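Here is a short set of questions and answers to work through beside the model. Keep the sequence and the 3D view open.

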Amino acid sequence: MHKRILLASTAAAAFLAGCQASKPTTKAQSPTLETLGTTEVPASEFAYVYRKNNSSAPEYGTRASVQEYLDLYTNFKLKVLEAEQRGLDTTQAFRRELEGYKQQLAQPYLTEKSVTDKLVHEAYDRLSKEVSAAHILVRLQPDAAPKDTLAAYQKIMALRQRVTSGEDFSRVARDLSEDPSARENGGKLGYFTAMQMVYPFESVAYATPAGQVSQPVRTRFGYHIIKVNDVRPAQGEIKVAHLMIRATPGMPAADSATARKKVDELYNRLARRGESWEKLVAQFSEDAGSAANGGELPPFGTGRMIPSFEEVAFKLQKPGEISQPVQTPYGWHIIKLLEKQPVPSFEAMEPTLKSKVAKDSRSELNRAAFLKRVRTENNFTENQAGKEYAFSKADTALVGGRFAYTAPAAATPAKGKKATGDAQTLFTIGGKPYLVSEFLTFAQQNQKPRPGADARFAMQQLYDQYVDQSLTEYEKANLETKYEDYRMLVKEYRDGILLFQLMDEKVWSKAIEDTVGLRQFFQQNQAKYQWEPRVQATVISAATPELLAQAQQLQKSGRYPLRSGVPGPVAFRTNSAELPATVPALDELAARISVDASLTLRVIGRVKRGESAALARRRAERAVAYIGSKGIAAGTIRAVADTKPSAAQVAFELTTTNSAALEESLNIQNPLAVQVQQRTFQKGENKALDQFLTRGPGSYTTQQDGRYYLVQIEGQLPAGPKSLNEARGQATSDYQNYLEKEWLSQLRAKYPVKVNQAEVDKLVTK
């Protein structure tokens, strides 16, 4: 089985994972902090939010801090109040979105803290070791019938008997394991540590001594036997930086080769010439997320990176050591070791481990403990007569997934008589009755075919699901009354959804769609939107002065020969100027020139010894005429003759005004030799150019960070006003701020704000 089939689930909401439910609280009447129109804002609500968002700030509790936050909170509440007045909290879309958030917010409160703490400590202890193991799998559904479970267990036990009696584990895995990847890897999983496999598998792997085969262990995938090959101390985490040149699977061979040349040249400059790592990463790494930070990556441990990258990284021994280029599906990497980190202290890892435990398959233990607590706290009581009646409805239709049920019309039993049949109680939670009819409806809606299963077993499975769901929903329904943290979180999300809807209408989208208002605002504030002095320039960067001189010479012509993508010569018959019947090379050239206006083509006619010089020109002219017939402008193509005897053919030379071709022509031996930038620059966009910004048009040379530069300033663009299109992003943002300020003024007029200063003063503690 490949590792990923055993990886822990990540379904829980990430931003809430690891939180624990606070102690139950009771809601007391709170004095009013302020009124917005006729709406009162409780002092306790503001105090809670202020404390939550400011308690770690140095100025917490000062009058200035309290007042500043009160102003912000008041603006927030005014917008929410307006949304409520407009009925935005009654729409189906709002209710659906809020319900989704409530489901996520509830998750940390549906756990058992004591169980979580135990699992966190256990996981930390296991992180000190790494296990290398192989396994054999017999697949089995989690809800398999008893007879299928027994059959799978007997099969895995038979396989265990074979490998413990001397048969080769890898061969048996290849032949009989029901993990498809075993056919290639013999069941080998490599090294792993805690939190990387499903919990039951991990637990047995850690409990099995090296060299031995475990007893069968059941996971959601089926039954496994595990052979532990080795146990070693944890390698801990390492911190590395990398320089990456992109090269993805399936890219053209020429591009792939260019990427390899680049990374080899970079490695040569780093390892043999000792050039600056930071400089080369900043200039050439194609991982935008890390290049600006010296290529630094977050720390990682075993099993958390692409294997080829991880293997090379962990072999580096001393900080500062760099690897030879290593390939991954993302491209080529040169890796530099920054530091080796042992497993952190428990205190440092505890928050992260809590988060992972909440998402890991360990959470199944936590859920079982949670359900047990809810049963006890709320006096879960079964009515055996009702349960037997419900189970009597199980039949072959239920096994086949065709169980049909229609709840009878509700009927009130006669006074003094117990309800019977479908109307009788199945169980109670906190005194609330759950009826047989409700369960049978659930059974119809959640049934699935269980071929060969016993009908009563199928009903028991559905009953267990229904009980668990009912206990969970009962607890969820009471969270807001039990836990202040949860109640306030739900309120924050509710208000946030309302605020987003109205802000989008009144500010964000309006600023974009109100083009007339935006233009008026821009014109009234033109002084804010001004260009600094700019230049139109070409900046050429070269590795050596000689390369810079070559680039300057080529650049003077304004046109650069293309070396890649030029078709080979087209052959002619001896003493003939007639084109062949098919000329795909000419069709390709015509198509390319039609979509790239920077290209020009020179068609060179050639002759064999004994042919006339005139024939060479006619051949070139025939090819030019053919290309011209495809709609290509005559000035783009030129025919010339080469009378030196060679072959009966026409050859092609393509040139372009695109400076990328200048780079290509000089980067054949060294892919980093020359770089060319040609555009408008402002101060700060190019360090080499900045020193010449005020000198006016001309050519200037300089040296910086080991590179040689030619700066050609073609023209200066003076400081002056930007057009709306040039400043649209900044102007739109400013217009949004203006609209919000105006809107808040209107809301304060509509809902006058009256502050209870005495309650505000209670929050001032410094």
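Q: Which helices are included in what covers the buried residues of H14?
A: This is a predicted model, with residues numbered from 1 along each chain as its sequence is written, local features needing pLDDT of at least 70, side-chain atom pairs counting only at pLDDT 80 or more, and totals for chains, interfaces and linings using all residues. Side-chain values use heavy atoms, without hydrogens and water. Helices (H or I, at least four residues) and strands (E, at least two) are DSSP runs, numbered from the N terminus. The cover over the buried residues of H14 includes helix H4 (113-126), helix H18 (455-477) and helix H19 (479-482).

Q: Which residues of H14 are buried?
A: Buried means under 20% relative accessible area, exposed over 50%, partly exposed in between (1.4 Å probe, protein chains only). On the other side of H14, Glu364, Lys372 and Thr376 are exposed. The buried ones are Asn366, Phe370, Leu371, Arg373 and Val374.

Q: What arc do these buried residues cover around the axis of H14?
A: The arc is taken from the directions from the helix axis to the C-beta atoms. The buried residues lie on the same side of H14, because their arc is only 160°.

Q: How far apart are the end C-alpha atoms of H14?
A: H14 (residues 363-377) has 15 residues. The expected span is 1.5 Å times one less than the number of residues. That should give 21 Å, and the end C-alpha atoms agree, at 21 Å apart.

Q: Which helix supplies the largest share of the largest nonpolar core?
A: A nonpolar core is a set of buried Ala, Val, Leu, Ile, Met, Phe, Trp, Tyr and Cys residues joined through side-chain atoms within 4.5 Å. The largest has 38 residues, and Tyr463 is one of those that touch the most other members. Helices H14 and H18 are among the elements that each supply at least two residues of this core. The largest share, 9 residues, comes from H18.

Q: Which residues does Thr74 contact, leaving aside neighbours within four places in sequence?
A: Thr74 lies in helix H2 (residues 63-85). Thr74 is buried, at a relative accessible area of 3%. Contact means heavy atoms within 4.5 Å. The partners are Glu34, Leu36, Arg748 and Val753.

Q: Which residue in E9 stands opposite Arg246?
A: Strands pair if DSSP finds at least two bridges between them. E7 (residues 237-246) and E9 (residues 331-341) run antiparallel, joined by 10 bridges. Opposite Arg246 stands Gly331.
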